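Reader: I am new to reading protein models. Could you walk me through this one, step by step?

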Amino acid sequence: LETYELSYDAFRYSMIGFYSLKHEGKLGNKNLLSVIDFTKSSSKKRFYTIDLDQKLVRFYTYVSHGKNTGEDMAKQFSNTLYSNQSSLGFYVTAETYIGSKGYSLKLDGADKGYNDNMRKRAVVMHEAEYVSETWINTYGRLGRSQGCPALPKGLSKEVIDVIKDGTAIFAYYQDETYLKTSTYLNVDSLMQNLEEQSSEQISLEASVR
């Protein structure tokens, strides 16, 4: 992951959340984890999809942030309707549809208070011409959305088809309040749950034998 300039902190937090969501039964069977590293400039590739079974990076590309989240760098985030800002935290991918932005992917925000209004805000994943190296070369940054994580044309559909239907996306930023209060980043709670699950599994195997 160092090759792709994904920080250890971003990866560590994303894995804690992945296993927390998995434990709650909120994810499907595909062991895929996507990360949006909002600490990086929009002119840098900052969208990652990691195949946890194969231990490889499936996608590494550009992704937009909301126009009121910042210019080149993301700085402000919101869960509020009409804020035109990106949301922090863990999203779960849902169904696809064809709308005004073309082939798109609906997203459900899992973090209450941080992104659980994504459906109401119509924050979805879609393609955009302003997410391109041509745009970066012209304007010095990506174009911005109304809060949607837009991907490059020509790649967006492939990404959507791979990650749709119940995979995790983690929108990371060094927001201390979020990192300390997210339900899905509580390591002690996660470890306790995993230990209990392991004990139950051992008991089940013993009873079967």
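Author: Happily; what follows is a set of questions and answers about this predicted model.

Reader: How many aromatic pairs does the structure hold, and is the pair of phenylalanine 90 and phenylalanine 170 stacked or edge-to-face?

Author: The count of aromatic pairs is 13. In the pair of phenylalanine 90 and phenylalanine 170, the ring centres are 4.2 Å apart and the planes meet at 15°. Planes under 30 degrees apart count as stacked, so this pair is stacked.

Reader: How many residues apart in sequence are the parts that this pair ties together?

Author: Start by finding each partner: phenylalanine 90 belongs to strand 4 (residues 89-99), and phenylalanine 170 belongs to strand 9 (residues 168-172). The pair therefore ties together parts whose separation in sequence is 80 residues.

Reader: Is phenylalanine 90 buried or exposed, and what about phenylalanine 170?

Author: A residue is buried when its relative accessible area is under 20%. Phenylalanine 90 has a relative accessibility of 0%, and phenylalanine 170 has a relative accessible area of 0%. So phenylalanine 90 counts as buried, and phenylalanine 170 is likewise buried.

Reader: Is the pair of tyrosine 114 and tyrosine 178 stacked or edge-to-face?

Author: Here the ring centres lie 4.9 Å apart, with the planes at 80°. An angle over 60 degrees counts as edge-to-face. The pair of tyrosine 114 and tyrosine 178 is therefore edge-to-face.

Reader: Where do these two tyrosines lie, and how many residues apart are they?

Author: Tyrosine 114 is in the loop between strand 5 (102-109) and helix 2 (118-121), while tyrosine 178 is in helix 5 (residues 176-181). This pair, too, links distant parts of the chain. The separation is 64 residues.

Reader: Which of the two is buried, tyrosine 114 or tyrosine 178?

Author: Tyrosine 114 has 22% relative accessibility, so this residue counts as partly exposed. Its partner has a relative accessible area of 1%. The buried one is tyrosine 178.

Reader: Which residues form one aromatic cluster?

Author: We have already met four members: Phe90, Phe170, Tyr114 and Tyr178. The cluster also includes Tyr13, Tyr172 and Tyr184.

Reader: Which charged residue sits over the ring of tyrosine 13, and which over the ring of tyrosine 97?

Author: The charged end of one arginine is 5.6 Å from the centre of the tyrosine 13 ring, and that residue is arginine 12. Over the ring of tyrosine 97, at 5.3 Å from its centre, sits the charged end of lysine 106.

Reader: Which residues touch the most other members of the largest nonpolar core, and which element gives the most to it?

Author: This core has 46 residues, and those touching the most other members are Leu21, Phe47, Phe90, Met125 and Ile163. Several elements supply at least two residues each, including strand 1 (32-37), strand 2 (47-51) and helix 4 (156-163). The element that gives the most, with six residues, is helix 1.

Reader: How many residues does the other core have?

Author: Another core lies apart from the largest one. Among its members are Ala128, Tyr130, Val131 and Ile136. Its count of residues is seven.

Reader: How many bridges pair strand 4 with strand 5, and how many pair strand 4 with strand 9?

Author: Strand 4 and strand 5 form a hairpin with two residues between them. Within their pairing, isoleucine 98 stands opposite tyrosine 103, and tyrosine 97 stands opposite serine 104. Strand 4 also pairs with strand 9, where glycine 89 stands opposite alanine 171. Both pairings are antiparallel: with strand 5 the bridges number seven, and with strand 9 they number four.

Reader: Which residue in strand 6 stands opposite leucine 105?

Author: Strand 5 is joined to strand 6 (residues 124-125) by two bridges, and the strands run antiparallel. Opposite leucine 105 stands methionine 125.

Reader: What is the volume of the largest pocket, and which residues lie nearest its centre?

Author: The volume is about 330 Å³. Strand 4 and helix 2 are the elements that give two or more residues to the lining. Of the 19 lining residues, those nearest the centre are Lys101, Arg121, Ala122, Gln146 and Cys148.

Notes:
Residues numbered from 1 in each chain as written. Predicted model: local features only at pLDDT ≥ 70, side-chain atom pairs only at ≥ 80, totals over all residues. Heavy atoms only, no water. Phe/Tyr/Trp six-rings, centres within 6.5 Å; stacked < 30°, edge-to-face > 60°. Buried < 20%, exposed > 50% of the residue type's maximum accessible area, 1.4 Å probe, protein only. Lys NZ or Arg CZ within 6 Å of the ring centre and 35° of its normal. Core = buried A, V, L, I, M, F, W, Y, C linked by side-chain atoms within 4.5 Å. Pairing = 2+ DSSP bridges. 1 Å grid on protein atoms, 1.4 Å probe; cavity = no way out; pocket = protein on both sides within 12 Å on 5 of 7 lines; lining within 4 Å. Points joined across faces, edges and corners; volume = space filled by probe spheres on them.
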